[in-house]
Amino acid sequence: NTMHAFSIQRSTPITKQTLQRRFPDLFALDGHVATAEVTSKFATAAGDDSEVTSTIAEQLDEWSETQPDVTARVGVSLGHAVEYMSNFRADNIVKDAEAVKDTLLLSASSLSLSLNDDAEEEVTPKPWGAALGQSFGGFCMMSYLSLIPHPPKICLLTGGIAPMLTPVYDAYDSLWDRVKERNFRYYDQYPGDITLVKRIVRRLLSENNPVVLPSGGILTARRFLQLGISLGGSPSAFASFHSLLASAIVSDGVSSSIVNEEDDEDIEFTRAFLKHVDSEQPFDDAPIYFLMHESIYADGPNSHSTPTDWAAHRVFTDRTKTPNEFSFGLTSKLNSDARPTLFFGEMVFPWMADGDFAEVSGFGMKALAHSLASKDDWEPLYDADSMRRALANGGPCKAAAAVYYDDMYVDFDACMKVTARGGPLEKCKVWITNDYQHSGLRDNGAEIFTKILGMAKGTIRTPS
């Protein structure tokens, strides 16, 4: 049976445990290095990659004097781990999609010929009939149009036009503004939470009695503010977030919204809230999200976004050099509803590996994260000329996109640059709406899919 020549392999999620099994030497120093010592080396880094990278090198040099063999193994394993993680980006995702398609469409005769080295047969291209990419999936659709000779005949994108013409620093600079606006809309709907959030942040900023999560991580003020990642979700996101905050503090019958700084030290968090925090933040269970998130913007070795260099963190640091709305240490102490403490959005930060998240902390994970952030030889993800050829009048592909004006995760203005006349996606038909947030496809998938499919086929005239 010729099918016996093919083996089926199960996909394995990437976790700290699987990385430890694959690259044990990468973690060889974790048990020898006190967390406080490593944290002190990195905590002052404001995001300058040369500083962070040299600190890793300095640490390895320092330890090589007392543990030369172990340190050498860590360095070699770090290089292998970076190379391994570099495979999990859109350029390889679309190649995998092609491999899946070719296997599904492979006829028995073609399979027999493929096992015969001497056989030759002209292969007729069989692209996918249609494909839809939501969010990062839309980024992958753009890689499909760029890198694959025969991309899907119909390419649909929802909330997912990559800011390929905008430097990653500038993209995050805009996204911080969108996150700020989303915070204000939340507090407009739930003004009573302004005081509650300030109390929680003041408690978490206290150096006494750190709050340990069930996962082993630490609920710092900055980690608490990362819960804001959910504010740009479905129409029920605000209500769910309000419910989470309402469950945060153990109540003894006294209102938890009373402003009294002397009482902040006595705040006790409910176990249900702490478990919910762990479940809401996926970085422990899916560290690839932490390690690779910003790499989705690194479009080749010569792009304006390579290396990514902790771009979101750099923007935050630059903005808060002058106290502003995101200076949570300041706003949490202001007894004014006009200056609420703002949550963060979909951003990753180097300090996440400093103990805030247990499964991405330790020297091995920290070194891997910083090495990926400083990587300057990424493969290209997009090719503007290939995209234009694929979507040109009379070309092999048609495309349509739903763009959400208030999207908190994908900057609207950066999307418009890509779809503007002369842009890589100028032939992609765009439907702009503020009826939905980023989760529109989940909230009303049938309507959105039907509309953009009709746009791509030409049966629905949008834009008018």
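Lys-101 is buried, with a relative accessible area of 3%, where buried stands for under 20% relative accessible area, exposed for over 50% and partly exposed for the range in between, with a 1.4 Å probe and protein chains only. Its salt-bridge partner is Asp-102, with the closest N and O atoms 3.7 Å apart, and a salt bridge here is a side-chain nitrogen of Lys or Arg within 4 Å of a carboxyl oxygen of Asp or Glu. Asp-102, by contrast, is partly exposed, with a relative accessible area of 43%.

The model is predicted, and local features need pLDDT of at least 70, side-chain atom pairs count only at pLDDT 80 or more, while totals for chains, interfaces and linings use all residues. Residues are numbered from 1 along each chain as its sequence is written, and side-chain values use heavy atoms, with hydrogens and water left out.

**Salt bridges**

Side chains of opposite charge can pair when their charged atoms come close. The structure holds 20 salt bridges, including the three in the table.

| Pair | N to O distance |
|---|---|
| Lys-101 and Asp-102 | 3.7 Å |
| Arg-199 and Asp-264 | 3.3 Å |
| Asp-264 and Arg-202 | 2.4 Å |

Asp-264 takes part in a salt bridge with Arg-199 and in another with Arg-202. The pair of Arg-199 and Asp-264 links distant parts of the chain, 65 residues apart, since Arg-199 is in helix α9 (residues 193-205) and Asp-264 in the loop between α11 (237-246) and α12 (271-280); helices are DSSP runs of H or I with at least four residues, numbered from the N terminus. Both Arg-199 and Asp-264 are buried. The side chains of Asp-264 and Arg-202 also meet in a salt bridge, and this pair likewise links distant parts of the chain, with Arg-202 in helix α9 and the two positions 62 residues apart. Arg-202 is buried, as is Asp-264. Elsewhere, salt bridges with shared partners join Asp-173, Asp-177, Lys-180, Arg-319 and Glu-325 into one network.

**A nonpolar surface patch**

On the surface, Val-100, Leu-104 and Leu-105 form a nonpolar patch with about 290 Å² of accessible area together. Patches are made of residues with over 30% relative accessible area and no salt bridge, nonpolar side chains (Val, Leu, Ile, Met, Phe, Trp, Tyr) being joined within 5 Å and like charges within 9 Å, and accessible areas come from the Shrake-Rupley method with a 1.4 Å probe, where for residues only the protein chains shown count as cover. Leu-104 is found in helix α5 (residues 90-105) and is exposed, with a relative accessible area of 62%.

**Pocket and cavities**

On a 1 Å grid over the protein atoms alone, a cavity is a set of points where a 1.4 Å probe fits but cannot get out, a pocket is an open set with protein on both sides within 12 Å along at least five of seven lines, and lining residues have an atom within 4 Å of a point. Volumes are the space filled by probe spheres set on the points, which are joined across faces, edges and corners.

The largest pocket holds about 700 Å³ of space. It is lined by 31 residues, of which Ser-135, Phe-136, Tyr-289, His-293 and Glu-346 are the closest to its centre. The elements that give two or more residues to this lining are α7 (136-147), α13 (287-292) and α19 (440-443), and α13 gives the most, with three residues. By class, the lining of the largest pocket divides into 16 nonpolar, 11 polar and four charged residues, with Ala, Val, Leu, Ile, Met, Phe, Trp, Tyr, Cys and Pro counted as nonpolar, Asp, Glu, Lys and Arg as charged, and the others, Gly among them, as polar.

Four cavities of 30 Å³ or more are found in a search of the whole structure. About 80 Å³ of space lies in the largest cavity, and of its 13 lining residues the closest to the centre are Phe-290, Leu-291, Glu-294, Thr-308 and Ala-373. Here α13 and α16 (363-373) are the elements that give two or more residues. The second largest cavity has about 60 Å³ of space, and its lining consists of seven nonpolar, three polar and one charged residues.

**Backbone geometry**

Most residues other than glycine have a negative phi, and most peptide bonds are trans. A cis peptide bond joins Thr-306 and Pro-307, with omega about -5°, and Pro-307 lies in the loop between α13 and α14 (311-320). Asp-309, found in the loop between α13 and α14, has a positive phi near 55° and is buried, with a relative accessible area of 12%.
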